[in-house]
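The exercises below are meant to be worked through with the model open beside the text. Try each task before reading the solution that follows.

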Amino acid sequence: MNNNDSFQYYIEKFGDTKILRYKLENFSDLSLKQKEYIYYLSEAALCGRDILWDQNGSENLLLRRTMESILTQKDRLDVSEDLWDRFTTFLKRVWFANGIHHHYSMDKFAVPFDKSEWEQLGSAVLSHLTIEETEKLDKLLFDKNYKAKRVSLDTTTDLLSSSANNYYQGVTQVEADKFYEDVAANELEPQPSRGLNTQLIKDDRGNIKERLWHQDGMYGTAIAQITYWLEKAMTVCENSQQEECLALLIAYYKSGDLQTFDQFNIKWVKELSGEVDFINGFIEVYGDALGMKASWESVVQYTDHEASKRTKIISDNAQWFEDHSPTDPAHKKEEVKGVSAKVIHVAMLGGDCYPATPIGINLPNAEWIREAYGSKSVTIENITAAYDKASKGSGFLTEFAYHESEIANAEKYGYLGSNLHTDLHECLGHGSGKMLEGVPVDALKNYHSTLEEARADLFALYYIMDPKLIEVGLIPSLEVGKTEYDNYIRNGLLTQLVRVELGKDLEESHMRNRQLIAQWAYEYGKENHVIEKVVKEGKSFFTIRDYEKLRELFGLLLKEVQRIKSEGDYNAGKALVEQYAVKIDKELHKEVLDRYQKLEIPPYAGFLNPQLKPRYENDQIIDIDIDYDEDYTSQMVRYSSEYSFLA
């Protein structure tokens, strides 16, 4: 590593992925009770791992367990080192993606061995499978058209039939839409989160019904383990509010009642005094083409007090930011409630946050809770720090930045600008604006995720160049904002393309959001040369010529995206996404891939968790030790051994 920190951030790379570690800064400063609380919450965070694997695809657990069994049989196998390397690299990719589909592109991995080689690898294992299991794996591995896409956003197809995830079984998009329309029509009181924690299936008689995810239902054996550790955590809470939060979350897991989950979220939003906090549950809907079903995830965290000074300034001024937003007054909140933001250190990642993790989070997702009670936002400092330290000296910025001044500013202001963008995106962006009365929360359907991320990004981009940030002490000068503008446009129009296979469209919501904003601003700013495309020595660059006019463009687009959300204008949202966010210039894409390949940098990164080890004396925990020594394969194998609870 090319940094001054002796901590080993970089672990290994394989395929298009690198594995990093994050550091638990200031963990020793916590009290024993707080450490114990983190330990119990962390065990709960690991117990839901199998749930996500099954949500991502019904054959994923069978595939993982079969391949892990093969891994243990190496000494008994007569296979070449080349075949073994191809097999283990494939297994590492499957581990990373929590299934056979790429975690970002959603495409099924190309299998790097043929059927005869698979049988050679599995000579000591495959005979123990049933005929049905063998046929399932053969089809999954060797039929490239079978379950080719985990989440399909191709609106020319039936989104459910063309998606391989396990949220729906035998149900078409039309049938699912009709089912939930009927459910909504028969509700005595509207349930905004309907369908969040269920699998929708069609039985043998053609009846469509839901399988509830709760302790006595689907995923029950894993959920029982989660609640066991949450109950342990209740005994060492920092305050009574945390205890009440956990009691509600446990009750929700036992019943599956979404009204109880709403009560938990309301209580959780109000709990602000604790040093330790957590996310645990069926949360995000990016993995469902219809944006209804939530993947299971967990994060355990503790506060970085020094860095949280900046987020406190932001949350204290939330009303000012809302009032001065360029959006229509009818789409603004008259009173911003319960906006809280912290900078945190993550202590454990689980489910859909592991190994690939967000750098910022804003919850809860229920719009009515945000408007009535507020939300919590976090920027994850030890994750952004690990990314920053691991990227030093890679040559990436030198290759894609046009001016030497861009590189200099990035080195000086880039880390602050990126973290501040995340703060503004999570704390204010997602928490801003309001829905008009009568607009359903799912009005934007499959375009919701892209447009919601665009709305939050635009809010952050608009304000990161506002003199108000200097006035309140968040930035030393507007050079910070200019640096973030350089980075955003460079990423949205160029560098994020390294994550996409040549000839493919953009399909991941965050990538679509970034291209939508950058491409729209480039097109609308052409007349005034706001952003200029420059070709130098055969290489394409995008450079900003007028930062103030670019800010105005971001404000105009923010106004429109907020209107689309507030009014539930599906057609306008669809037009915006399809025109600017999906298609890629193939010639430019090839150029970017060729330039990037020479750098030999994996475009994706994920993290190993530290191992938290309780130290006992006379059956009492006297401390929690941190072990960073585990490698990637060891951690994955151990997790499968210790936290595998689904049949």
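**Exercise 1.** In this predicted model, find the residue whose side chain makes a polar contact with the side chain of Glu-334, and describe the surroundings of that residue.

*Solution.* Begin at the side chain of Glu-334, where a polar contact of 2.6 Å leads to the side chain of Lys-434. Next, place Lys-434 in the fold: this residue belongs to the loop that runs between helix H16 (404–429) and helix H17 (448–463). Then consider its accessibility, which is a relative accessible area of 18%; because the cut-off for buried is under 20%, Lys-434 counts as buried. Finally, list the neighbours, leaving aside residues up to four places away in sequence: Lys-434 touches Ala-330, His-331, Lys-332, Lys-333, Glu-334, Glu-371, Gln-562 and Ser-566.

**Exercise 2.** Determine which residues of helix H11 (residues 308–316) are buried, and explain how they are arranged when the helix is viewed down its axis.

*Solution.* The first step is to pick out the buried residues of H11, which are Ser-308, Arg-310, Thr-311, Ile-314 and Ser-315. Looking down the axis of H11, one finds these buried residues within an arc of 150°, and therefore they line one face of the helix. It helps to recall that an α-helix has 3.6 residues a turn, so residues three or four places apart point the same way. The next step is to turn to the other side of H11, where Lys-312 and Asp-316 are exposed. The last step is to ask what covers the buried residues of H11, and the cover includes strand S7 (295–303), helix H12 (318–323), strand S8 (339–351), strand S10 (375–380), helix H14 (381–391) and H16.

**Exercise 3.** Work out how many cavities of 30 Å³ or more there are, and describe the lining of the largest cavity.

*Solution.* The count comes to 7 cavities of 30 Å³ or more, and the largest cavity holds about 50 Å³ of space. Its lining is made up of Ala-318, Phe-321, Glu-322, Val-336, Val-339, Cys-427, Leu-428, Gly-431, Ser-432 and Phe-459. When these residues are assigned to elements, H12 and H16 are each seen to supply at least two of them, and H12 provides the largest share, 3 residues. Sorted by class, the lining of the largest cavity has 7 nonpolar, 2 polar and 1 charged residues.

**Exercise 4.** Describe the second largest pocket, starting from its volume and going on to the residues that lie nearest its centre.

*Solution.* About 710 Å³ of space lies in the second largest pocket. Its lining consists of 34 residues, and those nearest the centre of the pocket are Asp-16, His-102, Ser-105, Asp-107 and Glu-501. Helix H6 (131–142) and helix H23 (586–597) each contribute at least two residues to this lining, with H23 giving the most, 3 residues. A division by class yields 17 nonpolar, 3 polar and 14 charged residues for the lining of the second largest pocket.

**Exercise 5.** Examine the backbone at Pro-355, Pro-364, Lys-147 and Lys-445, and state what you find at each place.

*Solution.* As background, most residues other than glycine have a negative phi, and most peptide bonds are trans. Take the prolines to begin with: the peptide bond from Tyr-354 to Pro-355 is cis, with omega near -5°, and Pro-355 sits in the loop between S8 and strand S9 (360–363). Leu-363 and Pro-364 are likewise joined by a cis peptide bond, with omega about 0°, and Pro-364 is placed in the loop between S9 and helix H13 (367–373). Turn then to the lysines: Lys-147 has a positive phi, near 50°, and lies in the loop between H6 and strand S3 (168–169), where its relative accessibility of 22% makes it partly exposed. The phi of Lys-445 is also positive, near 50°; this residue is found in the loop between H16 and H17 and is partly exposed, at a relative accessible area of 46%.

Methods
Residues are numbered from 1 along each chain as its sequence is written. This is a predicted model: local features need pLDDT of at least 70, side-chain atom pairs count only at pLDDT 80 or more; totals for chains, interfaces and linings use all residues. Side-chain values use heavy atoms; hydrogens and water are left out. Helices (H or I, at least four residues) and strands (E, at least two) are DSSP runs, numbered from the N terminus. Buried means under 20% relative accessible area, exposed over 50%, partly exposed in between (1.4 Å probe, protein chains only). A polar contact is a pair of N or O atoms within 3.5 Å; within protein, one must be able to donate a hydrogen and the other to accept it, and residues adjacent in sequence count only if both atoms are side-chain atoms. Contact means heavy atoms within 4.5 Å. The arc is that of the directions from the helix axis to the C-beta atoms. On a 1 Å grid over the protein atoms alone, a cavity is a set of points where a 1.4 Å probe fits but cannot get out, and a pocket is an open set with protein on both sides within 12 Å along at least five of seven lines; lining residues have an atom within 4 Å of a point. Grid points are joined across faces, edges and corners, and a volume is the space filled by probe spheres set on the points. Ala, Val, Leu, Ile, Met, Phe, Trp, Tyr, Cys and Pro count as nonpolar, Asp, Glu, Lys and Arg as charged, and the others, Gly among them, as polar.
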